[in-house]
Amino acid sequence: MKLQVEALETGYGKAQVLFGVDLEVAEGELVALLGANGAGKTTLLHTLSGLLRPWRGRALWDGQDLSGLSPAQRARLGIGHVPEGRQLFPLMTVEENLRLGAAFLAPGRDGEGFARVYALFPRLAERRRQLAGTLSGGEQQMLAIGRALMGFPKILLVDEPSLGLAPRLAEEVLLALKRVAEEGVGVLLVEQNAALSLEVASRAYVMEHGRLVLQGPAHALLEDPSIREAYLSL
Ligand code: ATP
């Protein structure tokens, strides 16, 4: 199964932000979406999760046109979103935050979800009764990813997970996303940290001013001189 984006265009008010975006993410694939601040990456993720309407073009999941479906309907189809800034509830415990991610599942399925999240992030298991607001930045990011995994997504849209994290924690979080993909979930990873994301991704797209300008296998982009100069400072 895959998420297909076809000729997608959208914006805010009269200002167009995305122009003819075509992109694909299959189950089990980790795909990085790179680009400078303001290129339109968050706007694309919001359009895919149903928070913003496309002006033109469409997104398909497993061949089904997602146009007109609400964020909740998309979540039920298996499209999970880890928003920029994590959006946790700081005065609720780790476990309570996680349970919210399973709110729309059949009762009883959350046990399986907890087991999976705690296996992926043992530190969350140790801190399950701690308030989310008292966690470190890295742990909060793990919790935000864990909460999305509680809904058993088939595709995870992840916005800037390494933002504000020390390099070692950023790496830990991206390696965890790689394991999520290896478990069969498709991951579309928006990241400023191009070097790190190209190390964990299998493919990548580069967005500039709302257009995809480059795409290919991650290892090829890592060696591309224009990418090295623009995004890797090499
Ligand atoms: P960042 O890494 O800063 O999140 P980005 O690539 O995700 O960058 P977007 O956040 O999608 O970029 O922003 C793309 C463009 O849309 C920018 O010019 C931004 O100013 C504009 N924009 C984003 N959100 C809104 C909004 N709610 N209303 C109006 N314009 C917006």
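The following questions and answers examine a predicted model, from its confidence to its sheet, its ligand site and selected residues.

Student: Which element of the chain has the lowest confidence, and which has the highest?

Tutor: The chain has a mean pLDDT of 90, and 98% of its residues reach 70 or more. Where pLDDT is low, predicted coordinates should not be read in detail. Confidence is lowest in helix 10 (residues 225-230), at a mean of 77, and highest, at 97, in strand 2 (residues 15-26).

Student: What is the strand order of the open sheet of 4 strands?

Tutor: Strands of a sheet pair through backbone hydrogen bonds, either parallel or antiparallel. Strand 1 (residues 2-12) and strand 4 (residues 56-61) run antiparallel and are joined by 5 bridges. Strand 4 is also joined to strand 5 (residues 64-65), by 2 bridges and again antiparallel. The edge positions belong to strand 2 and strand 5, each pairing on one side only, and the order is 2-1-4-5.

Student: Which residue of strand 4 stands opposite Glu9?

Tutor: The pairing to consider is that of strand 1 with strand 4, an antiparallel one with 5 bridges. Within strand 4, the residue opposite Glu9 is Arg56.

Student: Which residue takes a positive phi in the hairpin of strand 4 and strand 5?

Tutor: The register of this hairpin can be read from its bridge partners: Leu60 is matched with Asp65 in strand 5, and Trp61 with Gln64. There are 2 residues between the strands, and the one with a positive phi, near 50°, is Asp62.

Student: Where is His209, and is it buried or exposed?

Tutor: Strand 9 (residues 203-208) and strand 10 (residues 211-217) run antiparallel and are joined by 6 bridges, one partner pair being Arg203 and Pro217. His209 is placed in the loop between these strands, and its phi is positive, about 45°, although it is not a glycine. With a relative accessible area of 68%, which is over the 50% cut-off, His209 is exposed.

Student: How does Ala7 count in terms of accessibility?

Tutor: Most residues other than glycine have a negative phi. Ala7 has a positive value, near 50°, and is found in strand 1. Its relative accessibility is 38%, a value between the 20% and 50% cut-offs, so Ala7 counts as partly exposed.

Student: Why is helix 1 described as largely enclosed by the rest of the structure?

Tutor: The buried residues of helix 1 (residues 41-49) are Lys41, Thr43, Leu44, Leu45, Thr47, Leu48 and Ser49. The helix is followed by Gly50, with a positive phi near 95°. Helix 1 is largely enclosed because its buried residues number 7 of the 9.

Student: Which element contributes the largest share of the shell around the ligand?

Tutor: The ligand is surrounded by 13 residues, of which the closest are Gly38, Gly40, Lys41, Thr42 and Thr43. By class, this shell holds 4 nonpolar, 6 polar and 3 charged residues. The largest share, 3 residues, comes from helix 1.

Student: How much of the ligand's accessible area does the protein cover?

Tutor: Oxygen atoms of the ligand approach the backbone at two places: one is 2.9 Å from a polar backbone atom of Gly40, and one is 2.7 Å from a backbone N or O atom of Thr42. A nitrogen atom of the ligand is 3.4 Å from an N or O atom in the side chain of Tyr12. Of the 640 Å² of accessible area that the ligand has on its own, the protein covers 57%.

Student: Which residue's side chain makes a polar contact with the side chain of Glu191?

Tutor: Glu191 is found in strand 8 (residues 186-191). Its relative accessible area is 1%, so Glu191 is buried. At 2.9 Å, its side chain makes a polar contact with that of Ser162.

Student: What is the C-alpha to C-alpha distance between Leu120 and Val180?

Tutor: Leu120 lies in helix 4 (residues 110-120) and, at 6% relative accessibility, counts as buried. Leu120 and Val180 are 60 residues apart in sequence, and their C-alpha to C-alpha distance in space is 8.2 Å.

Definitions and conventions. Residues are numbered from 1 along each chain as its sequence is written. This is a predicted model: local features need pLDDT of at least 70, side-chain atom pairs count only at pLDDT 80 or more; totals for chains, interfaces and linings use all residues. Side-chain values use heavy atoms; hydrogens and water are left out. Two strands pair if DSSP finds at least two bridges between them. pLDDT is the predictor's confidence in each residue, from 0 to 100. Buried means under 20% relative accessible area, exposed over 50%, partly exposed in between (1.4 Å probe, protein chains only). A residue is near a molecule or strand if one of its heavy atoms lies within 4 Å of it. A polar contact is a pair of N or O atoms within 3.5 Å; within protein, one must be able to donate a hydrogen and the other to accept it, and residues adjacent in sequence count only if both atoms are side-chain atoms. Accessible areas come from the Shrake-Rupley method with a 1.4 Å probe; for residues, only the protein chains shown count as cover. Ala, Val, Leu, Ile, Met, Phe, Trp, Tyr, Cys and Pro count as nonpolar, Asp, Glu, Lys and Arg as charged, and the others, Gly among them, as polar.
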